[in-house]
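Trainee: I've got a model open and I'd like to work out how its helices and strands fit together. Can you walk me through it?

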Amino acid sequence: MQTAIPTSGPRTQEVVSFGPFRLYPSERVLKKADETVKLGSRAFDILLALVQNAGEVVGQRELIAKVWPGIFVEEVTLRVHLTALRKALDTGEGGERYLTNVPGRGYCFVAPTSREMVGLPTADEFPEAHYPLPPALGQMVGRDEIVSEICHKLTSERFVTVVGPGGLGKTTVVLSVARRLLPEFFGAVCFVELSPVADPRLLAPAVVSAFGLPVQSGDPIPGLVGHLHGKPVLLILDGSEHLVSEAAALSERLFAALPQLHLLVTSREVLRVGDENVYRLSPLETPPDGSSLTAAELLGFPAVKLFVQRATTSGGQINLADQDVRIAGNICRKLGGNALAIELAAGRVGAYGLQEIARLLDSEFALRWPGRRTAPPRHQTLGATLDWSYNLLSEVERTVLRRLAVFVTGFTLEAAQQVAGGPGVGAEEVFDAVGGLLMKSLASADTTGSIARYRLLDTTRTYAALKLADAGELDQFRRAHAEYYCSFLKVANEADLPTDDRRALVTHLDDIRAALHWAFGPSGDPRIGVDLTSHASSIWLSKALFAECRDWTIRAAAVAPDREDGKATDQQIVIHLALASSQLFTTSFSVEAMVAWTRTLENTVRETQGKLILRYLASWGGNIRTRYDEALELAQRCAEDARKLSDPGPTALAEWMLGHSLHHLGRLAESRTHLERSLAIDTEKARLAQVNAIGYDRRVDTLGNLASTLWLQGFPEQAELLGLRVLEAARPLQFAMPLSVAMTWASFHRYLSDTDIDAVEHDIVELIEHARTHLIKPQVGIGNCLLALCQTRRNEFDTAMPLASEGLRLLAEMQYEVFVPLILAHLSESAIAAGRRSDAVSLMAQLAGRDLNREHWCTAEVLRVKGLLALLDNPADAAAALFLQSAALARKQGALAWELRTAMSLARLKADQGNPGEPKKLLEEVYNRFTEGFETVDLLAARRLLGELAR
């Protein structure tokens, strides 16, 4: 159902009330009294779907289709969000019920509801857009009525394409529409400028990026649809004519998938898709030829009013007598009411005077635009207007304008001077020329940041680029542009930039891409491409653009020059580091990659930070593939190298590697020492240098491993506190991968300890959705497996197995095996509890095929589960032997947590053999060694068992 948003009269919205709650669908807000109830996006979508169908049963698959359109989601994920929703609606007053589960059918909202219309927020209450809007291009003249018409058409029909030739002011008009509709869309207005998007394949990523969502390989649109589903949003696609086919397909797809999305498109031609409503923007109204109107009457025409305003603001002097205004009217009429052409002409009045502008217009401009009033509009092209304005520029201004066309997203004065300066043009002349271009409306300025940035108007940049090519200078200045970005990024990487400034480097990505396409193209210079790739790799990694990073680093690695002695350069190390990380996070830690990185290490002659980080990646890869002995050997070599350096950063890195590897080998006391030492000596500068180099944060993983070590040693409360520190360390970085790792550790430890299974599942679902958004497959796999294990705690083995199978498949695909033995062991234990002997045997057989180590961090737990399996067929003695072997290994490792679990299994076995005194003493001995965590899952279970044994 399409819902129109009113644009005139009282602006209202529907509010649904039930119990003490008030639901504001258009604002996506739920309030209890005057307090906003915190709800996740998915939980709100579920509530909205159920309230809209109050009293009716909504099937599970139907509800999933409404909340996650176009995305496969497991039913257990729906249940997790429903649980969170129920908790949010729990008033604690007599157990009021709002949602009910109808077995075999679905869910129903059962509380009585009432509906009323209330006023919408005013513009003053919504002063800012959720997504950045470009600054206004200048004062709009003569378009207020048109803006109102488009607003009405857009809010009633949802899909409008504003069509007209270049220069009429389409962008100015839609920006006014955007600002006028901000309150109606509660700030959710997203403006996407398409002119920088030269490659049609980048259209969808550009739109997704504008919403602040990460873009990876594949089709990003389903993720965008999921993000926007149920939200009233205005999306503006500006300047789509060069991508008209792709823009048409994308618009049609989004419009069909998102019933509350409104689309506003500008183009020089109609998209020709269903549901499109075309609004043809007319030229500004001009006075008729030969009229004898007074100056006041002439100024009533929007075209003349714009001309006079623009000429005045540009420093031109116009006598507002009848004769001068009449000349201005004639100029506007000859320019066909084209807003851009009028502004260009008016901008030169200060330099040439009104009479000279009119004379030039009648001569040179007439060669391109017929002076007859009856000339067809298609003949009055923007190219002709720009030709004319170009010819009015000074030679220096023309030269600078042409050269600035190589910038895609904008430039600073320093950038303009370095790129556009050079042969025939000095730095001061560039400065003056940029100022002149601003005055003539050929460039615009954004002064909202700490450094002013400038950009050519879109059509002007295209025109200037053609002039640059005609002058035979295109390659020369594309080279200058690429060299500038090499230098700019080199300085940025060497400087100790604040975090916000470093994050801002991503705004240059389109220019970096353009420079790389030239450098690796047929007329480019691969050496510049290699330099640029090495300097830009940290930007891709910091924004989790792993697929793009992988593609560019592969190209750069293939042509990066060796040193004269055949050894690898520091530049090659940087490229291989970025390639290693991007491959690790997008495909898998393959044997081929390991060979390539090892070769790079062998070729490195200097002990560098890059060498240590490369070893770090190799060690980390060895750990996740459960090659723990190999990982420890690399860690030890890294520690030897680090001792030769005075910088504490490499030492902290080596200590992490040692602690990580020793943890996975079950050498817990040693691991804890190294992990704590890494945290103690690490520096923020060294840590961030590594994050920028490979997109992975050692501090997050150090805290996670330390929390796991403490849990194994029997300190679950300390482990929980460290789990909070893991998330606190990851969130400020705003990097996808470290946050995903932090969420993994937090979810894993909650699964092991927390009694609130609903809360555990909620955290795991957040992990899955975050990892899925960023295409981080290992964390999606781990999340699915942990969610499956939560289902087994609910005694829902059949629900758990499809989740577990998919999770294990992803982990195998990515060769991410570190959690797999424990997952398979616990799944096998749950199969035993469910009476599924064949499944238990099958799972343990998988474990045998994937567990490569004789002894590691969870081997004691694996032995315990093998003992449980032995009880199904073998004499009790065989099971007891496995339990004793498990207990001995846990004691040797200092893994008190595993020892407690084994003690409980052994105690039950001995109790079943008819000797309750011995098992009670055995279990008490282990239980009494704990000093904390007595309300966690295992300690509560042990206390219950001790009570049973005492009877």
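Mentor: Sure, and keep in mind that this is a predicted model. Let's start with the helix pair: α1 and α3 are roughly perpendicular to each other.

Trainee: At what angle do the axes of α1 and α3 cross?

Mentor: Roughly perpendicular covers angles of 65 to 115 degrees, so the value has to sit in that window for this pair to be called roughly perpendicular. The two axes come within 9 Å of each other, and the crossing angle of α1 and α3 is roughly 80°.

Trainee: Which residues of α3 does α1 meet?

Mentor: Look along α1 first: its side of the contact is made by R42, A43, I46, L47 and L50. Sorted by type, the residues of this contact are 8 nonpolar, 1 polar and 1 charged. Across from α1, the α3 residues are L78, H81, L82, L85 and L89.

Trainee: Now the sheet. In what order do its strands lie?

Mentor: There are 3 strands in an open sheet, with antiparallel pairing. The edges are β5 (57–59) and β6 (99–102), each pairing on one side only. From one strand to the next, the twist averages 30°. Put β7 between those edges and you get the order β5-β7-β6.

Trainee: Which residue of β7 is the bridge partner of G59?

Mentor: β5 and β7 (residues 106–109) pair through 3 antiparallel bridges. One of the partnerships between these strands puts V58 with Y107 of β7. For G59, the β7 partner is G106.

Trainee: And on the other side, which residue in the turn between β6 and β7 has a positive phi?

Mentor: β6 and β7 run antiparallel and are joined by 4 bridges, with V102 partnered by G106 of β7. The two strands make a hairpin with 3 residues between them. In that turn, the residue with a positive phi, about 80°, is G104.

Trainee: Back to the helices, then. Which strands does α1 lie across, and which does α3 touch?

Mentor: Take α1 (residues 41–52): this helix lies across β5, β6 and β7, and runs at about 70° to β7. Helix α3 (residues 75–89) also packs on the sheet, with its direction making about 145° with that of β6. So to name them: α1 lies across β5, β6 and β7, while α3 touches β6 and β7.

Conventions. Residues are numbered from 1 along each chain as its sequence is written. This is a predicted model: local features need pLDDT of at least 70, side-chain atom pairs count only at pLDDT 80 or more; totals for chains, interfaces and linings use all residues. Side-chain values use heavy atoms; hydrogens and water are left out. Two strands pair if DSSP finds at least two bridges between them. Axes are lines fitted to C-alpha atoms, for helices over the stretch in contact, and angles run from 0 to 180 degrees between N-to-C directions. Contact means heavy atoms within 4.5 Å. Angles under 35 degrees count as roughly parallel, over 145 as roughly antiparallel, 65 to 115 as roughly perpendicular and the rest as oblique. Ala, Val, Leu, Ile, Met, Phe, Trp, Tyr, Cys and Pro count as nonpolar, Asp, Glu, Lys and Arg as charged, and the others, Gly among them, as polar.
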